[in-house]
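Reader: I am new to reading protein models, and I would like to understand how the words used for them are justified. Could we go through one together, slowly?

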Amino acid sequence: MRIYALQRLVLSFFLALGAALIVFFSLHLAPGDAVLAALGDAGMMTREQVQVKRHELGLDRSLLVQCGDWLAHLARGDLGVSFVNGRPIARDLAATFPRSIELVVAALLIGVLLGIPAGVYSTTHQDRWLDYLLTALSLAAVSVPSFVSGMLVLLLFGLTLRWLPVSGYISFADDPGQHLQLLILPATTLGLIMAATVTRMTRTAMLEVRRSDFVRTARAKGLPERLVLFYHTLKNALLPVVTLTGVEVGSLLGGTVIIEYVFTWPGMSTLLITAAQRRDYPVVQGVVLVTAFFFVLVSLMVDLLNASLDPRIRDGSQ
Amino acid sequence: MAQRLEKIPGGAPTQAMPEDATALARRGRWRSRRVLGGGGTLLFFLLAAILAPVLAPHDPLLPDPAHALAGPSAAYLLGNDEFGRDVLTRLMYGARISLLVSTASIALGVAIGIGAGLVAGYYGALPDLLVMRCADVILAIPPVLLAIAVVAILGPGVLNLILTIAVIYAPRFTRVAYASTRAVRGREYVAAALALGASDRRILARTILPAIIAPLLVQAALALGAAMLLESGLSFIGLGIQAPTPSWGLMVSSARELMAQDPLLVIWPSTVLAVAVLAFNVLGDGVRDLLDPRH
Amino acid sequence: MRNALGGLQRPTKAIPRRTFFTHAGRLAGGLAIIPLFASRGGALQASAAAVQPKRGGILKFALNTDPPKLDPASSGPTGAIDSVCSMVYSRLVNYKPDVSGVTPDLAEKWDVSPDGKTYTFTLRRGVLWHDGKMLTPDDVKFSFDRLFDPKTAAPFAPSFGKGVQVEAPNAATVRFTLPSPNAAFLPMLAVPQCSIVSKAFVQAGNNLADAMLGTGPFVFRDHQPAVQLRLTRNPKYYMEGKPYLDGITFTFFRDNEARVAALKTKAVDIMDFVPFPDLAGLEANPEMRVYFDKETNFFDFRMHQDREPFGNVKVRQALSCAVDRQAAIKAALVGRGTVVTGGPLWKASWAYSPDVRQNYTYDPDRAKKLLADAGYPNGFKTTILSNTSFAMHQNTAVTVQAGFKAVGVDAELKLYDFPTYNQKFVTGDFDIGVGTVIPSYGDPDFLWSYFNSKSLWGQNLKLHDNEMDGWLDQARASTSQAARKNLYINVQKKLMETVPIVFLMTRDYADAAWAYLKDYIHIPGYSWSGERAQEWWLDK
């Protein structure tokens with residue numbers, strides 16, 4: 001098990017490094033002029049001003065030199081500064097990234113708390129109308145684009161019914177009540193989509209496990225159906241669900257980008273989208289990098305969790 | 001969110017153990033209904049898209065300020081947008097763009113995936129390492145974020161979008177192709193063919209390729225809906241299809257700003273989008289059920 | 001100059017006849033000269049006993065965008081940056097509310113040498129930076145040296161031309177030596193880009209894009225990107241007793257609808273850049289004040305004269321006749337705009353003349369004839385550059401395209417996001433470009449930066465008009481306002497004939513605030529209203 005953990009750790013590190021390098025090179029090999037794009041909001045620059053700025057940003061050095069420099073900074077936790085306003089990226093990310101994670105965690109909780117019971121119900125009522133209904137709802141939930149459902153939710157609960165506030169972010173420290181109220185709508189929108197996926201995963205996994213040998217054995221032994229269901233089936237079905245959920249965190253992180261945009265939740269999506277619109281490469285780089293690192297970390301943890309839960313891996317037979 | 005078809009660990013190999021013959025029959029009917037339903041809807045969209053230049057009542061791009069934000073009428077069945085353009089026409093032309101981007105990008109992704117996965121799975125060693133690690137790295141970055149980053153590099157637009165989405169989904173196909181290639185490669189008849197002097201290419205084309213088509217098709221069908229969601233999401237935040245080219249996501253975005261004045265405007269593209277993605281997902285599920293030996 | 005009628009048209013309640021005619025009389029008599037206040041309260045206050053401003057309260061401002069950076073020098077004119085900088089920093093001089101001239105700010109008085117090349121400013125004594133240190137002429141010298149330094153890449157610097165020398169000869173004065181006289185020098189100094197920054201602060205390593213230390217009425221407190229930016233009252237501001245407000249909090253919203261909603265629910269007190277569809281609703285509310293600027297935000301399309309066939313003046317004239325301005329206003333501005341009938345000067349400017357009239361107004365038949373005369377009876381193909389970041393630009397471009405199509409010119413729309421659009425314009429990679437012209441400083445000399453062939457715009461458009469260059473240079477150097485006015489009239493009349501840029505319409509720019517915000521005046525032009533932020537007060 002320990003060897004496995006170590007292997008995964010090393011692999012994850014290289015994975016993260018690989019992501020960093022791919023991001024760096026793709027951004028620096030981009031067509032178009034980074035300097036002109038990032039500074040051009042006045043459109044009044046002289047050619048010599050652009051040259052000077054390019055030199056100041058270090059963009060006239062060779063690519064390898066820039067890369068080495070960037071990696072060296074990265075090792076120290078310095079993600080560089082924005083082209084547009086010179087703000088340290090690490091600082092802005094430290095402020096915005098936790099807000100996105102908060103959304104992700106909230107959505108995950110909602111997704112799991114709703115999805116797993118729904119999946120179980122779907123299994124017990126397989127092929128009956130409840131199953132069809134839940135399946136249909138799940139399908140609808142993952143099909144409707146998140147920005148559409150987000151807009152509808154915002155319109156309904158925020159603007160028409162006025163049950164919840166729609167703007168004016170307050171941090172948890174400043175006003176927990178208001179903060180949580182602001183969190184509900186975006187988290188629920190994302191969470192429902194997550195729930196739909198979890199429901200289907202749970203259902204599939206449970207059906208799979210239910211047909212397996214050891215469940216048949218348990219039934220044959222005459223154990224009560226309830227016990228069979230919850231203890232044997234669910235416990236084993238949870239394993240793949242956990243794994244797949246860990247993988248879905250990546251989708252959630254992507255989903256937060258759109259949701260944050262719709263609900264004006266000041267997470268990293270604002271940072272990213274504004275930077276992409278302005279061609280502020282270092283910021284785009286930084287956000288993608290940190291997200292990739294985070295995702296690799298989550299995958300690692302899920303793998304380790306999986307390994308510790310799955311007797312086959314734990315006992316060494318991978 | 002794409003559904004992933006990984007081998008579900010922890011499940012013992014199964015035998016189909018239906019509790020009830022009727023249930024099995026019902027399931028079978030449901031499956032074919034899904035393919036029919038999903039496929040049928042998509043066919044409808046496809047026809048609308050292809051025949052748009054012929055069937056569409058008006059010009060999708062020409063503004064007509066006299067009719068700006070008008071409601072549904074005889075000439076303009078679904079009303080007009082802020083430029084006075086016919087919503088129905090733009091929806092039909094939007095179908096062209098949205099379908100084009102989704103299918104082209106996935107097709108391209110599959111092509112890349114087959115190429116990369118075959119090479120990695122067949123030759124092993126260095127190609128394996130390079131290709132699969134690259135795939136892992138791309139998979140480590142959430143699709144939407146990666147798409148935004150690539151758009152920051154390449155700029156928005158139809159071609160760039162197709163390329164972007166293809167690159168994002170290619171690793172999934174690579175993995176499937178890789179796994180199947182590895183599985184087939186070890187078989188006896190391959191060894192026999194090699195012993196008889198068959199070239200690599202022949203083996204790849206004759207034996208391996210046919211084996212991986214089915215799982216790839218399943219993955220592709222499942223990915224189509226995700227591709228459409230990705231394209232519409234990007235267009236919505238302004239980093240995808242650029243105005244005035246009609247795209248459903250873009251139409252939702254402009255309609256959103258005008259919700260106070262014309263709430264109907266946002267409903268049409270939203271509905272059409274949801275139905276299209278739904279159809280893709282249903283079709284994908286259906287294809288998976290048909291082709292996947294496990295179900 | 002604000003459109004005074006715009007100010008009075010606001011309320012739904014019928015204005016009592018007596019009041020209406022009294023004010024109408026005043027206004028008719030003094031349009032070009034008397035400073036006008038758009039807020040109804042302003043004109044009434046002049047007649048009633050002066051109301052005593054109340055202290056206290058935090059003004060909540062829904063700014064149109066989160067300022068990407070806070071450095072006044074390295075920012076191009078961007079509304080949000082200017083707004084914030086104008087409240088935190090001071091300048092040597094400020095604009096009068098009607099932009100007819102300047103008033104002292106950090107410079108108490110000034111002398112101009114007879115040859116017009118040397119300006120000597122006497123600085124106000126005892127002005128303190130927000131950290132308590134004393135302002136010195138060295139800070140002024142430093143600020144301008146920094147502005148002119150190529151490393152700062154200040155977009156506003158080229159407007160001054162090269163060779164401006166700044167000296168701090170003693171503890172009380174600053175001296176500017178210009179290579180040639182510039183009649184617009186003082187108005188140039190009043191823009192927020194010419195804010196005075198602290199030498200010590202910058203040399204201590206602070207990044208001005210990120211941190212602010214000024215001498216203005218408000219102190220920079222903090223900036224949470226995409227959330228808010230806060231300013232607090234400067235208790236040591238050099239104007240005794242001011243500012244009245246305790247602070248200003250800028251809150252950022254993703255889209256305009258959210259801002260309008262916030263204003264309506266009093267979550268904020270004031271917003272700038274009111275979206276066109278919401279203007280009527282806000283105007284109809286008797287407790288809301290809408291501050292208009294209907295005359296300085298010009299929408300135009302511009303032609304690259306080195307590209308076929310735009311070097312041919314008949315072609316340009318033809319294209320000017322091809323575009324339906326009213327349709328553009330309806331499509332781009334939801335009807336909230338005015339067709340430009342003359343040149344690019346606002347009516348209240350001293351250089352304005354009603355004799356300057358557009359000759360090539362909307363007339364498709366005439367357009368076709370002109371095209372035929374120019375040798376293009378069947379039209380031609382071309383491209384139109386615009387951006388997708390602002391719907392009003394895009395919609396204007398679409399209308400222009402439609403107009404062209406109707407006379408046989410087949411134009412393909414090239415739409416890009418704003419950075420790319422700017423890039424393409426700056427590098428001259430366009431045939432026709434659609435955009436806006438807003439005077440970057442409050443003097444008709446801004447025309448030099450657009451139409452002199454030596455200016456950046458002139459270079460981008462490839463203008464080659466020696467006669468116009470001559471007039472613009474002369475007007476810049478002249479010291480007689482009458483002479484300058486004549487020259488600018490010549491320039492404008494020629495512009496109406498040679499149409500390098502076709503001015504289509506102006507938009508109804510507006511700020512909107514609840515009536516309890518007193519003494520707010522929108523200074524026409526860019527976002528200079530914050531230069532008077534110390535006068536604002538809340539009546540609640």
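Reader: How do you know that the length of helix α1 of chain A agrees with what its number of residues would lead one to expect?

Author: Please keep in mind throughout that this is a predicted model. Helix α1 of chain A covers residues 2-28, which is 27 residues, and at 1.5 Å a residue these should span 39 Å. The C-alpha atoms at the two ends of the helix are 39 Å apart, so the value and the expectation agree.

Reader: Which residues of α1(A) are buried?

Author: The buried residues of this helix include Y4(A), R8(A), S12(A) and L15(A), and further along α1(A) the list also has V23(A), F24(A) and L27(A) among its members.

Reader: Why is V99(C) called buried?

Author: A residue is called buried when its relative accessible area is under 20%, and V99(C) has 6% relative accessibility, so V99(C) counts as buried. This residue lies in the loop between β2 (93-95) and β3 (102-104) of chain C, and its phi is near 55 degrees, a positive value in a residue other than glycine.

Reader: What makes F273(C) partly exposed?

Author: Partly exposed is the class between under 20% and over 50%, and the relative accessible area of F273(C) is 25%, so that class is the one that applies. F273(C) also has a positive phi without being glycine, here near 45 degrees, and is found in the loop between β11 (270-271) and α9 (276-283) of chain C.

Reader: Where in chain C is P243(C), and what kind of peptide bond leads from K242(C) to P243(C)?

Author: P243(C) sits in the loop between β9 (228-233) and β10 (247-252) of chain C, and the bond that reaches P243(C) from K242(C) is cis, with omega near 5 degrees. A cis peptide bond also joins E308(C) and P309(C), where omega is about -15 degrees, and P309(C) belongs to the loop between β13 (298-303) and α10 (313-322) of chain C.

Reader: How do you know that chain C and chain B touch, and how much area do they bury between them?

Author: Contact asks for heavy atoms within 4.5 Å, and by that rule 13 residues of chain C are in contact with 10 residues of chain B. Together the two chains bury about 1,200 Å², of which 62% is on carbon and sulfur atoms. E257(C), K330(C) and V398(C) supply 29% of the area that chain C buries against chain B, which is more than any other three residues supply.

Reader: How many salt bridges and how many polar contacts are counted between chain C and chain B?

Author: The count of salt bridges between chain C and chain B is 0, and the rule for polar contacts likewise finds 0 residue pairs across this interface, with both residues required to be at pLDDT 80 or more.

Reader: Which element gives the most to the side of chain C that touches chain B?

Author: That element is α13(C), with 4 residues. The residues on this side of chain C divide into 6 nonpolar, 3 polar and 4 charged.

Reader: What is chain B itself built from, helices or strands?

Author: Chain B has 10 helices and 0 strands. Of its 295 residues, 53% count as buried, and among the contacts in chain B between residues at least 6 apart in sequence, 74% join residues at least 24 apart.

Key
Residues numbered from 1 in each chain as written. Chains lettered and ligands numbered in written order. Predicted model: local features only at pLDDT ≥ 70, side-chain atom pairs only at ≥ 80, totals over all residues. Heavy atoms only, no water. Expected span 1.5 Å × (residues − 1). Buried < 20%, exposed > 50% of the residue type's maximum accessible area, 1.4 Å probe, protein only. Buried area = accessible area lost by both parts, 1.4 Å probe. Salt bridge = Lys/Arg side-chain N within 4 Å of Asp/Glu carboxyl O. Polar contact = N/O pair within 3.5 Å; in protein donor to acceptor, adjacent residues only side chain to side chain. Nonpolar A, V, L, I, M, F, W, Y, C, P; charged D, E, K, R; others polar.
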